[in-house]
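Reader: Could we go through the charged side chains of this model together?

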Amino acid sequence: MKRKLIPVIMMLVSGAICCLFTMVRGESLLFRMTTLLGAMLLFYGLGWVLCSVLNYFDSENEKRLAAETAMSEEEAAEEEAGPGIAE
């Protein structure tokens, strides 16, 4: 699943749940709409924060993987060059 859709999906699911709960409780239409708007904005923000955190962790993992790959390549080059210099 693409990460761009996480905030949108969270917003829509929270809106549907909020709508159902306010309908079951028999709230007024104005209360339903304000609650729906608030819930959708809140969960869109939370989804955006979640998406940002996941992207940050991915970038950190890529940096660490690149550093480990470069380190292992240096060690492999040293091992290949090491016995030739010692002889």
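Author: The discussion below concerns salt bridges, a charged patch and one cysteine. This is a predicted model, in which local features need pLDDT of at least 70, side-chain atom pairs count only at pLDDT 80 or more, and totals for chains, interfaces and linings use all residues. Residues are numbered from 1 along each chain as its sequence is written, and side-chain values use heavy atoms, with hydrogens and water left out.

Reader: How many salt bridges are there?
Author: The count comes to four, a salt bridge being a side-chain nitrogen of Lys or Arg within 4 Å of a carboxyl oxygen of Asp or Glu.

Reader: Which residue pairs with Asp58?
Author: Arg3 does, with 2.5 Å from N to O. Asp58 lies in helix α2 and Arg3 in the segment before α1, so the pair ties together parts that are 55 residues apart in sequence. Helices are DSSP runs of H or I, at least four residues, numbered from the N terminus.

Reader: And what does Glu60 bind?
Author: Glu60 forms a salt bridge with Lys63, at 3.7 Å between the closest N and O atoms.

Reader: Is Lys63 buried or exposed?
Author: Lys63 is exposed, at 53% relative accessible area, whereas Glu60 is partly exposed, at 30%. Buried means under 20%, exposed over 50% and partly exposed in between, with a 1.4 Å probe and protein chains only.

Reader: Turning to the cysteine, where is Cys19?
Author: Cys19 belongs to helix α1, residues 5–25. Its C-alpha atom is separated by 8.4 Å from that of Met33, 14 residues apart along the chain.

Technical notes: Helix = DSSP H or I, 4+ residues; strand = E, 2+ residues; numbered from the N terminus.
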